Amino acid sequence: MPVSIRELGRPGDLGWVVMANGEIYAREYDWDASYEQLVAGIVGDFARCRDPDREQAWIAELDGERVGTVFCVADQDTRNARLRILLVEPETRGHGVGRALVHTCVGFARDAGYPGVVLWTNTVLTAARRIYESFGFNLVEEDSHHSFGHDLVGQTWRLRL
């Protein structure tokens with residue numbers, strides 16, 4: 001079944017991104033509601049004040065159902081784009097959904113004139129990290145932190161465009 005990628009913007013998309021992130025990360029990693037709160041803030045900021053020429057978000061669909069998402073926003077600290085909240089529903093992993101979303105995000109960042117893309121993830125998210133590496137992202141920083149109810153190791157990755 002081919003995956004389709006469309007711009008976020010249909011009724012229910014914003015809420016689905018928050019809900020799916022909260023539910024999936026709680027189920028798979030036992031992360032608490034503080035992760036869902038983080039995602040809600042990212043989604044709310046995007047909905048309120050995005051620059052449509054430099055920021056976009058997408059929904060992946062399989063057979064007309066939402067199965068994934070990714071956001072591309074302007075990074076606050078650099079001139080780069082920031083890839084945020086990549087998510088793929090567990091039952092649809094292995095269909096190329098994550099790769100298609102990252103490809104769309106990186107292509108948008110390139111077309112928008114960003115010199116690079118940065119992202120922050122955690123070491124427990126191994127499948128996502130494999131996707132980032134396949135696109136040429138490089139690990140530039142690691143730090144231990146306590147977030148979402150767990151001790152984690154955060155990572156910053158960077159891709160030059």
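This is a short walk through charged pairs, buried polar residues, the nonpolar core and the cysteines of one predicted model.

Ground rules first. Because this is a predicted model, local features need pLDDT of at least 70, side-chain atom pairs count only at pLDDT 80 or more, and totals for chains, interfaces and linings use all residues. Numbering starts from 1 along each chain as its sequence is written, and side-chain values use heavy atoms, with hydrogens and water left out.

Let me start with the salt bridges. The criterion is a side-chain nitrogen of Lys or Arg within 4 Å of a carboxyl oxygen of Asp or Glu. By that rule there are seven.

Take Asp13. One salt bridge goes to Arg6, with the closest N and O atoms 2.7 Å apart. Another goes to Arg66, also with closest N and O atoms 2.7 Å apart. That second pair links distant parts of the chain. Asp13 is in helix α1 and Arg66 in strand β3, residues 65-74, and they sit 53 residues apart. Helices here are DSSP runs of H or I with at least four residues, strands are runs of E with at least two, and both are numbered from the N terminus.

How exposed are these partners? I call a residue buried under 20% relative accessible area, exposed over 50%, and partly exposed in between, using a 1.4 Å probe and protein chains only. Asp13 has a relative accessible area of 0%, so it counts as buried. Arg6 is buried too. Arg66 comes out at 26%, so partly exposed.

Next, Asp75 and Arg82. Their side chains meet in a salt bridge, 2.5 Å from N to O. Asp75 is buried at 8%. Arg82 is buried as well, at 19%. Beyond this pair, salt bridges that share partners join Arg6, Arg10, Asp13, Glu61 and Arg66 into one network.

Stay with Arg82 for a moment. Its place is in strand β4. Contact, for me, means heavy atoms within 4.5 Å. Leaving aside neighbours within four places in sequence, Arg82 is in contact with Phe71, Cys72, Val73, Asp75, Val118, Leu119 and Trp120.

Now a charged residue without a partner. Glu89 is in the loop between β4 (81-88) and α3 (97-111). How far away is the nearest side chain of opposite charge? That side chain is Arg27, 4.7 Å away, and Glu89 is buried yet has no salt bridge. On charges, Lys and Arg count as positive, Asp and Glu as negative, and His and the chain ends are not counted. Not counting residues up to four places away in sequence, Glu89 touches Trp16, Ala20, Ile24, Arg66 and Val67.

An uncharged polar case: Gln155, in strand β7, residues 150-160. Gln155 counts as buried because its relative accessibility is 4%. Its side chain makes a polar contact with the side chain of Arg129 at 3.3 Å. It makes another with the side chain of Trp157 at 3.0 Å. A polar contact is a pair of N or O atoms within 3.5 Å; within protein, one must be able to donate a hydrogen and the other to accept it, and residues adjacent in sequence count only if both atoms are side-chain atoms. Leaving aside neighbours within four places in sequence, the contacts of Gln155 include Leu119, Trp120, Glu141 and Asp143.

On to the core. A nonpolar core is a set of buried Ala, Val, Leu, Ile, Met, Phe, Trp, Tyr and Cys residues joined through side-chain atoms within 4.5 Å. Which members of the largest one touch the most other members? They are Val17, Leu83, Val102 and Phe137, out of 50 residues. The largest share, seven residues, comes from α3. Leu83, leaving aside neighbours within four places in sequence, is in contact with Val70, Phe71, Val102, Cys105, Val117, Val118, Leu119 and Tyr132.

Last, the cysteines. A disulfide needs a pair of cysteine sulfur atoms within 2.5 Å. The count is zero. Why is Cys49 not bonded to Cys72? The closest cysteine sulfur to that of Cys49 is in Cys72, and at 15 Å it is too far for a bond. Cys49 is exposed, at 58% relative accessibility. Cys105 is in no disulfide either; the nearest cysteine sulfur, that of Cys72, is 4.0 Å away. Cys105 is buried, at 0%.
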